[in-house]
Amino acid sequence: MDEVKQQNSIIAVCGKGGVGKTSVSALLTKVLSEDGNHKVLAIDADPAVGLSLALGISVTKTVDDLRNALIEKAQEGFQEDRREMIARIDYELFDALEERRNLAFLAIGRPEKDGCFCRINSLLKDIINDIADNFDYVVIDGEAGIEQVNRRVMERVTHLLLVSDTSVKGCNVAESIEKVARRSIAFEKVGLLLNRVKREEEVEKVRSRYPLSVIGWMPEDSIIYEFDREGRSLMEMPKCDALSSIRKTLDWLER
Ligand SMILES: Nc1ncnc2c1ncn2[C@@H]1O[C@H](COP(=O)(O)OP(=O)(O)O)[C@@H](O)[C@H]1O
Ligand SMILES: [Mg+2]
């Protein structure tokens, strides 16, 4: 039997620290959810939980809070029927989901307990996968690389969106993330979005130096910077060039 094609788009936003992953994730979430026709799930996979602020959502519980509570119970010798446990985690994860009309938000948090808790990790991942099935788009703000997304959040990424500024450092990181991803992860599309571009020729330079597919670029934008400085939600960002650049990348999401 043919494998059923996955319907929804799962976008992992990855790149070097500080290049604009959280800003891009928030703006992408904004444009995907604003017409109200699509259900969008934004996942903050960065332990620093910056995406919630950028979306104007407050986090009450993270997946790792839940994970740590489960580990504690297991260590205390608490026995629970697997079915019961799945039902309870399912309930608690839905409880951790913050919902605003057609937009939902889930924070992964920060793992505190060391050691291998493979069973719990894979259980949580399975449930996040089930939750993701209810959404048309899932935007994952990754800590830096795709390995972490793959290990802690989800294995079924359809779009790998690399973000970088036009610096050699940033682009080298994007290039190595792509290489690792190609070796270890199945995805449908990969593209590089250049951020904080000051002159268009910077984009051409990156295009000529790197074998990466540049799908668009976002200018240096004082509104993004000011919003971040003031801790304001990018969901309220007025019309501007940066937002138009994000809209242009939507074609890339078509499958
Ligand atoms: N296009 C842009 N113009 C101006 N400032 C930007 C732009 N993109 C990101 N920034 C600023 O750069 C900093 C890092 O961005 P952020 O999205 O948090 O990066 P990351 O999530 O990759 O660490 C923030 O202060 C943010 O406001
Ligand atoms: Mg970030």
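The following exchange goes through a predicted model of a protein chain with a ligand.

Colleague: How many helices and strands does the protein chain have, and is the chain as compact as a globular protein of its length or less so?

Modeller: The secondary structure of the protein chain comes to eleven helices and eight strands. The radius of gyration is 18 Å, close to the 18 Å that the globule rule gives for 255 residues, so the chain is as compact as a globular protein of that length.

Colleague: What share of the contacts in the protein chain with a separation of 6 or more joins residues 24 or more positions apart?

Modeller: Along the principal axes, the C-alpha atoms fill a box of roughly 60 × 40 × 40 Å, and buried residues make up 39% of the 255 residues. Among contacts with a separation of 6 or more, the share from residues 24 or more positions apart is 77%.

Colleague: Which residues touch the most other members of the largest nonpolar core?

Modeller: This core has 67 residues. One of those asked for is isoleucine 140, which, leaving aside its neighbours within four places in sequence, is in contact with Ile11, Ala12, Val13, Ile43, Ala45, Val149 and Val153. The residues that touch the most other members are Ala12, Val138 and Ile140.

Colleague: Which residues come nearest to ligand 1?

Modeller: The shell around ligand 1 divides into five nonpolar, seven polar and five charged residues. Helix H1 (21–33), strand E7 (189–197) and helix H9 (222–230) each supply at least two residues of that shell. Of the 17 residues around the ligand, those that come nearest are Gly20, Lys21, Thr22, Ser23 and Asp228.

Colleague: Is arginine 101 buried or exposed?

Modeller: Arginine 101 is placed in the loop between strand E3 (98–100) and strand E4 (103–107), and although it is not a glycine, it has a positive phi of about 45 degrees. A residue counts as exposed if 12 or fewer other C-beta atoms lie within 10 Å of its own. Arginine 101 has 9 other C-beta atoms within 10 Å, and therefore it is exposed.

Colleague: And is arginine 196 buried or exposed?

Modeller: Arginine 196 lies in strand E7, and it too has a positive phi, of about 60 degrees, although it is not a glycine. The cut-off for a buried residue is 20 or more other C-beta atoms within 10 Å. Since arginine 196 has 23 other C-beta atoms within 10 Å, it is buried.

Note on methods
Residues are numbered from 1 along each chain as its sequence is written. Chains are lettered from A and ligands numbered from 1 in the order in which they are written. This is a predicted model: local features need pLDDT of at least 70, side-chain atom pairs count only at pLDDT 80 or more; totals for chains, interfaces and linings use all residues. A residue is near a molecule or strand if its C-beta atom, placed from the backbone, lies within 6 Å of it. Helices (H or I, at least four residues) and strands (E, at least two) are DSSP runs, numbered from the N terminus. Ala, Val, Leu, Ile, Met, Phe, Trp, Tyr, Cys and Pro count as nonpolar, Asp, Glu, Lys and Arg as charged, and the others, Gly among them, as polar. A nonpolar core is a set of buried Ala, Val, Leu, Ile, Met, Phe, Trp, Tyr and Cys residues joined through C-beta atoms within 7 Å. Two residues are in contact if their C-beta atoms, placed from the backbone, lie within 7 Å. The radius of gyration is taken over C-alpha atoms; the globule rule is 2.2 Å times the number of residues to the power 0.38.
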